[in-house]
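Subject: Structure for you to look at

Hi,

Here is the structure I promised to pass on. Have a look at it first, and then read my notes below.

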Amino acid sequence: MHTREKLIVGNWKMNTVSLAEAETLARGVLHGVEHIERITTVICPPTIWLVSLSHELPKLPHFKLGAQNVYSEESGAFTGEASPLMLKKLVDYVILGHSERTHIFRETISMVAEKVVSTLEHGFTPILCVGEDEPSDQPAAHMAQRLNHLVSELTEMELEQLVVAYEPVWAIGSGTPATPQYAETVLAALRHVTTPKTRILYGGSVNEQNAPGFLSLPDCDGLLIGGTSLKLKPFLTICQQADDVAQAAGHLSLHPHHS
Ligand code: PGA
């Protein structure tokens, strides 16, 4: 039985349109996961709220902030971007290569690959997204090839630090997730191009009903959640489900005082 620490990540996207709304949701999550200590919960609010949230929220070892994007360069003429140096004090995790960035904002594979290297160099844990546009007969080989392309320059240690999120684009925000069987074929193939220690997540229309089916897959180390991460109760239910799976697998609390 593997002992990779489970990770539940909430990607708020461009939602919570006021700081007050973001604070309410963030505090709700923090309060709800205070005693859910076998897993790490990460919330990724819009960049503009990160300064306030990172200063206001009490620090817990198993609750972290993430950014939804970052640029690869440290400073310069890059209008509209945030640098890794700016985000370093605020967050531990950064989502990279989300399909909304590659499709709507036309981020290329080489830009994403540069961001992976830069975020690792700056000490973040990157959450690197890959996913096919349409359901396919052979998603596993295709996704393994895409991931390999993105991470081929990384060392074994860097690959261990990386988190990969398999997010079939057709499942994102559609209400139709991949079946767990479909997802597992891809997750297992992604593991072959990473390491036994790399955490690999599933994402795409995850809710509290379908989450347990993914969390119990042998190669699924957690979930990347969009829409449902904006709904406090269902999101906390999923965190609890992940904690239950971790407990069944014999994982200890991540909280040094409570383990
Ligand atoms: P969804 O989004 O859970 O709303 O499908 C997932 C994502 O885009 O990360």
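Two strands count as paired if DSSP finds at least two bridges between them; strands (E, at least two residues) and helices (H or I, at least four) are DSSP runs numbered from the N terminus. This is a predicted model, in which local features need pLDDT of at least 70 and side-chain atom pairs count only at pLDDT 80 or more, while totals for chains, interfaces and linings use all residues. Residues are numbered from 1 along each chain as its sequence is written, and side-chain values use heavy atoms, with hydrogens and water left out.

**The barrel.** Eight strands form a closed barrel in the order β1-β2-β3-β4-β5-β6-β7-β8, with parallel pairing. From one strand to the next, the twist averages 25 degrees. Within it, β3 (residues 63–67) and β4 (residues 93–96) run parallel and are joined by 2 bridges; Gly-66 has Tyr-93 in β4 as its bridge partner.

**The ligand.** Of the 13 residues around it (a heavy atom within 4 Å), Lys-13, His-98, Glu-167, Gly-173 and Ser-205 come nearest. The shell divides into 4 nonpolar, 7 polar and 2 charged residues, where Ala, Val, Leu, Ile, Met, Phe, Trp, Tyr, Cys and Pro count as nonpolar, Asp, Glu, Lys and Arg as charged, and the others, Gly among them, as polar. An N or O atom in the side chain of Lys-13 is 2.7 Å from a ligand oxygen, and an N or O atom in the Glu-167 side chain is also 2.7 Å from an oxygen atom of the ligand.

Best wishes

Technical notes:
A polar contact is a pair of N or O atoms within 3.5 Å; within protein, one must be able to donate a hydrogen and the other to accept it, and residues adjacent in sequence count only if both atoms are side-chain atoms. Axes are lines fitted to C-alpha atoms, for helices over the stretch in contact, and angles run from 0 to 180 degrees between N-to-C directions.
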